[in-house]
Amino acid sequence: MTEARIHVPDVSPDAPFADALRTAIANRGLALNRIQAKLACRGLHVGVATLSTWQNGSRHPRPGSLAVVTALEELLDLPTGWLAVRIPPARTEPPADTPYGMVDYAPTLARLLDEVRRDAHGRVRGVTVVEEIVLGADRSVTSKRVIQTLVAVKETDRQIVVHQGEPGCDVTLIAPRGVTGCRTGRVARDPDDGAVLGELLLDRMLAVGDTAVVRYEIDDRSGIASHQYYRFHEWPGTHYVLEVQFDRAALPVRVAEFRRHHSGGEDILRRELMLTPDNRVHVVVPSVDRGLIGIDWEWS
């Protein structure tokens, strides 16, 4: 009878799940696509993009993924429970009326909103949102370009915009910029969550029912490889278009649309997307529900 091999990576007992998984994978010298294939042979289907987010810390396994984590411990020759014990407890979803309540870093955004201007939140609704995410040859998001039609539900002269950089990003390298119909106001940042919240000062005061068209960009010079992008919608009804442009020197092997009620929740929709000849993918939603709509991709 062959005795099972057990390898305990050199990480501290209180190391987070992502650090432990990344070190264990490096010690075994296995590529993520190899791990995915080995899991599939066991009847466990998980995407390379998901494994990547687990090891970079942007997402954690959910309770329903415990069988995958147990299988990872076996594949990586780890002691039973060595990874599972490091999974942080699931976060409870805030009440529906909590600002930014459908994302797990809502408390951070609420604090940043207080730094900028609390009473500016929720005074406009998006009638249409069209955004283009551009990735460079280094696989990082270089810019986000947004055209948005707004309608005022309360008198206002500004709009609040939010962006989250990749885990480990330098938030000082991320900046919103008003292009037309607005100009950039105050900006607040949180380095731990990679969160940036800014105000766009509209070119006129809007009375209730007035509309405006604004164009703005988010410049990101962090240079960290990205695996997904999503936009959260606090209010239903917006006509939403999301387009992702990949560089021809760095094309993904698989791309999919996903939708969730909450950033820490299960997918309520997932479907594969095909790249166009000019290396783009897009999603069109005529009327969004409250929650997240995004696109993720696998590099290899």
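**Entry 1: helices α1 and α3**

I looked up how α1 and α3 pack, and found an angle of about 115 degrees, with the axes 6 Å apart. The model is a predicted one. An angle from 65 to 115 degrees counts as roughly perpendicular, and α1 and α3 are therefore roughly perpendicular to each other.

Next I asked which residues of α1 meet α3. On the α1 side I noted F17, A18, L21, R22 and I25. On the α3 side they meet W54, Q55 and N56.

**Entry 2: helix α4 and what comes after**

I moved on to α4, which covers residues 66-75. Its buried residues are V68, V69, A71, L72, E73 and L75. What do the buried residues of α4 pack against? I found three helices listed: α1 (17-28), α2 (32-41) and α3 (48-56).

After α4 I came to D77, which has a positive phi. The value is near 60 degrees, and D77 is a residue other than glycine. I placed D77 in the loop between α4 and α5, where α5 spans 106-116. Is D77 buried or exposed? Buried means under 20% relative accessible area; D77 has 8%, so I wrote it down as buried.

**Entry 3: another positive phi**

I checked R139 as well, and its phi is about 75 degrees, again positive although R139 is not a glycine. R139 sits in the loop between β1 (124-135) and β2 (141-152). Its relative accessible area is 33%, so I noted R139 as partly exposed. D77, by contrast, is buried.

**Entry 4: salt bridges**

How many salt bridges does a search of the whole structure find? The search gives 23. I took down three of the pairs.

The first pair on my list is D190 and R111, whose closest N and O atoms are 2.4 Å apart. The two residues belong to distant parts of the chain: D190 is in strand β5 (residues 182-190) and R111 in helix α5, 79 residues apart. I then looked up the exposure of each partner. D190 counts as buried because its relative accessibility is 8%. R111 has a relative accessible area of 36% and is therefore partly exposed.

The next pair is E132 and R280, where I read 2.8 Å from N to O. This salt bridge also joins distant parts of the chain, since E132 is in strand β1 and R280 in strand β12 (residues 280-285), with their positions 148 residues apart. Both E132 and R280 are buried.

The last pair I wrote down is D267 with R260, at 2.6 Å between the closest N and O atoms. D267 is partly exposed, with a relative accessible area of 28%. R260 has 1% relative accessibility and so counts as buried. I also noted a network: salt bridges that share partners join E132, R145, E243, D278 and R280.

**Entry 5: V161**

I looked for V161 and found it in strand β3 (residues 156-164). At 3% relative accessibility, it counts as buried, because the cut-off is under 20%. What does V161 touch, leaving aside residues up to four places away in sequence? I listed P176, V196, L197, G198, L200 and Y216. For G198 I also took the C-alpha separation from V161, which is 5.5 Å. Along the chain V161 and G198 are 37 residues apart.

**Entry 6: N279**

I found N279 in the loop between β11 (269-273) and β12. Its relative accessible area is 14%, so N279 is buried. Not counting residues up to four places away in sequence, N279 touches V244, Q245, F246, R248 and L251.

**Entry 7: a patch on the surface**

Which residues make the nonpolar surface patch of about 210 Å²? I noted V130, I147 and V213. Of these I followed up V213, which is in strand β7 (residues 211-220). V213 has a relative accessible area of 43% and is therefore partly exposed. In my notes this sets V213 against V161, which counts as buried.

Methods. Residues numbered from 1 in each chain as written. Predicted model: local features only at pLDDT ≥ 70, side-chain atom pairs only at ≥ 80, totals over all residues. Heavy atoms only, no water. Patch = residues over 30% accessible without salt bridge, like charges linked within 9 Å, V, L, I, M, F, W, Y side chains within 5 Å. Areas by Shrake-Rupley, 256 points an atom, 1.4 Å probe, with all protein chains shown as cover. Salt bridge = Lys/Arg side-chain N within 4 Å of Asp/Glu carboxyl O. Helix = DSSP H or I, 4+ residues; strand = E, 2+ residues; numbered from the N terminus. Buried < 20%, exposed > 50% of the residue type's maximum accessible area, 1.4 Å probe, protein only. Contact = heavy atoms within 4.5 Å. Axes fitted to C-alpha atoms, helices over the stretch in contact; angles between N-to-C directions. Parallel < 35°, antiparallel > 145°, perpendicular 65-115°, else oblique.
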